[in-house]
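Work through the exercises below with the sequence and the 3D structure at hand. Each task is followed by a solution in steps.

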Amino acid sequence: MPAHSATAPERPASGDNRKNVSRRRFLGYLVAAPTLVVAAEIGRQTWLPGVPQANAAAIPSPPLPAELYDLLDLIRDSARPTANLIRIEVNRDGTVSFALPRSDNGQGIITSTQMIIAEEMNLDPDQVIVTLADARPELVFNQLTGGSTTTFSTYTPIRVAAALAQKRLLDAAANELRQDVNVLRSRQGLITGNNGEELPFGELTELASSSVNEAVDVVLKDREEFTVIGTPRTKSDARAIVTGKKKFLADLQIPDALPTVICRGPNLNSAPLGVNNIDEVRRMPGVTDVEQVPSGVAVRAKTFGQAVDAVNALDVDWDGGTVEGENDESVLAALRRGELPLAVPQALGETVEGDFTFYFRSNSALETNCAIADVRDGSAEIWGPSKSPIAAQAEIAKKLGIAQNAVTVHVTEGGGSFGRRLFFDGLEEAAECSRAFGKPVKLIWTRADDSRQGRTHPMATCRVRAQVSGDAVSSFEIRHTSVATEINPGLSEAISAAANKAPGGNLTVSESIYLTTQTNPYNVGVATSLLNEVDMRFNTCSMRNIYSPDTATARELMIDQVAAKMGKDPYEFRSAYTKLTRWKNVVDRAAKEADWGKSMPKGTAQGIAMHVEYKGVACAVVELDCRPETVDRKIRSARTGPRVTRVTYVVDGGLIINPRGFEAQMMGGINDGIAMTLTAGLHLVDGHFVEASWDNYFYTRQWNTPPEMNIVLIEDSEAPEPGGAGEFGVAATCGAIACAYARATGTVPTQFPILHNEPLPFEPYPTIPPVPPSPTNGLDFAR
């Protein structure tokens, strides 16, 4: 990381210095308002990720589409037409406000946005107030949070708006102080003149405002001048989180919005056919309302505990759901029927093939699906952590039969997502419950409902074939076949969301996502990667890194097999056959940091894997312990198995806004990768998922988190902007663990999670005396 001195020169004031022709100009907008409000417009930027690496033995592979134009480019370009509607306001108290048209679910984009604005305006980040914007249909494609595109898409528009605000404040101060603007200095909300006179921002915001909309040229701060961007910063809400003061949706107090829980059917997507004891349940303690809704039977009560008790007491007749009678084996058979052929004919040399199965995985976030709704008098007001609020607003209006502008969607901060909150199931259900009751509701799914009826990473197969001839690979084919990954919100606005639901629409969008995310970082001759999706009956979503954890695992395992066929070390092959020098540098650094090739005990091994996506490149080296004493250790109500003991993770993510936040993203991704590869899978049995919570859905536990993590961030000095941090930590980890397992056991794994077919351990906890009902125990879902 570049070092930044705390005493670095302050930013030169605006004026002639801004006319340096070597610095790129951007167009900003003054917005007619009583105080200073600014916005931005951006143009297209091109980021060339590196230069080809020469290797005499390798047969060069042409770039796949995602290496030329990826999902980040697609989403940012779709957002460009409304970038000038993203506005920054300078307040009379000297603070700066910005309503971010994205959703923060713990990934830290509020903090990084504060840093971006503070950098351009020479403020302390604490002086910047970032909130989450309500649904704004006029933004069209510019209010989608997904694909790790937030910082990439908003980085330049926010900087332009902030730089314009800074320029206007300096100009206003120059007039007030009667000094040349070039002698003024701005620091932490104060503008200082030559004679020591000071003017705070708050006294200038009206003077700097504009009575008409006006376009203005602006020049951004040079990267060499950064003092905030690139310095580690703790999340702005970290203290509130660890002290319990952080407010999530369940803490939000909306008048008369009482706890609401839905009784759901036994099978996936079972619909209610009738309730046999509805009047009896309505008379239970604390219950105010019981009504049938499309997804089940909704209960509203004074406490969540009372609502759960009533749900458990309901006697409901259900239909069979959408996958009645299906199980893992029958779905896998359907996937096999949909697999696309491997097309490259047998050539001279040897063929290396692999066939891998990836089972369903839960995308239940730490905070379960939740929303507050108040529907009445032809209008609706909704609160929830939505990543697609415009599409949610449109769909809720359609279901309620009211105009879209009669629905207000307030975006709240969420407790986790990584794709889950692209879908607004909870917001829709809350609106339906509120309409049925004629009263406000605070809807929360139980953990069991989120696991069994929520959204999952789809089951998939991945077939790989490589042709090896001497010291070269002439072809490398990947065929990924998946239960359909739902992309229902489209690009988060009504038109693409509706088009996505048309016949063939979901597959069309899925193919676009696949093409703009999937790469092959190696020179392996004719390289292809194709997707086919089947079976729309499941609730799926774009879980973290979407397709890449599966395709990268399959690809990296086969790269190890290709290297073995050629008599090469796995690291040496990757270093020699990587397409670009920038990518090779990351692989080499990871091998050096991890002491690749060191002597290790029998039953343990290192594994290495790299992944390129979202304008960045990552390489993981893991050390895996597969010895019997580790695999067979007993932990109550837990799945043990192999343990990752050390992870070295090197990532080049372009320009890094907040190194501490970026590192935290990598840590989360590593733990996701451990879960996906080793332990965390859903079992489909007779139309329903078995796992009901994290006591039997084995996400990475504390005892299985690596004791050693060495995360190395390499900042690319050539990169003009950030990459997609949220996705970097997963796929390379998955691939490295799979490769380490193969080396430690001598067996190439073909199913993931590796322990999917092992029996589920369950040891009941000791009986605990029941707690008497009271308003204070309403969050107890264990009863």
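**Exercise 1.** Describe how strand 26 and strand 27 pair, and place them in their sheet.

Solution. Step 1: strand 26 pairs with strand 27 in the antiparallel sense, over 9 bridges. Two strands count as paired if DSSP finds at least two bridges between them. Strands, like helices, are DSSP runs numbered from the N terminus (helices: H or I, at least four residues; strands: E, at least two).

Step 2: across this pair, Ala 618 stands opposite Val 651 in strand 27.

Step 3: the open sheet has 4 strands in the order 25-26-27-30, and its pairing is mixed. Strand 25 and strand 30 are the edge strands, each pairing on one side only. From one strand to the next, the twist averages 10 degrees.

The model is predicted: local features need pLDDT of at least 70 and side-chain atom pairs pLDDT 80 or more, while totals for chains, interfaces and linings use all residues. Residues are numbered from 1 along each chain as its sequence is written, and side-chain values use heavy atoms, without hydrogens and water.

**Exercise 2.** Which residues of strand 3 (residues 87-90) point to which face?

Solution. Step 1: recall that side chains in a regular strand alternate between the two faces of the sheet.

Step 2: Ile 88 and Val 90 point to one face and are buried (under 20% relative accessible area, with a 1.4 Å probe and protein chains only). Arg 87 and Glu 89 point to the other face and are not buried.

Step 3: strand 3 pairs with strand 4 (residues 96-100) in the antiparallel sense over 3 bridges. The bridge partner of Glu 89 in strand 4 is Ser 97. The two strands form a hairpin with 5 residues between them, and Gly 94 in the turn has a positive phi of about 90 degrees.

**Exercise 3.** Is Ser 61 buried or exposed, and what does Ser 61 touch?

Solution. Step 1: Ser 61 is in the loop between strand 2 (37-41) and helix 1 (65-68).

Step 2: Ser 61 is counted as buried because its relative accessible area is 9%.

Step 3: leaving out residues up to four places away in sequence, Ser 61 touches Tyr 522, Asn 523, Val 524, Gly 525, Ala 527 and Lys 579; contact means heavy atoms within 4.5 Å. A polar atom of the Ser 61 side chain lies 2.7 Å from the backbone nitrogen of Val 524.

Methods: Buried < 20%, exposed > 50% of the residue type's maximum accessible area, 1.4 Å probe, protein only. Polar contact = N/O pair within 3.5 Å; in protein donor to acceptor, adjacent residues only side chain to side chain. Axes fitted to C-alpha atoms, helices over the stretch in contact; angles between N-to-C directions.
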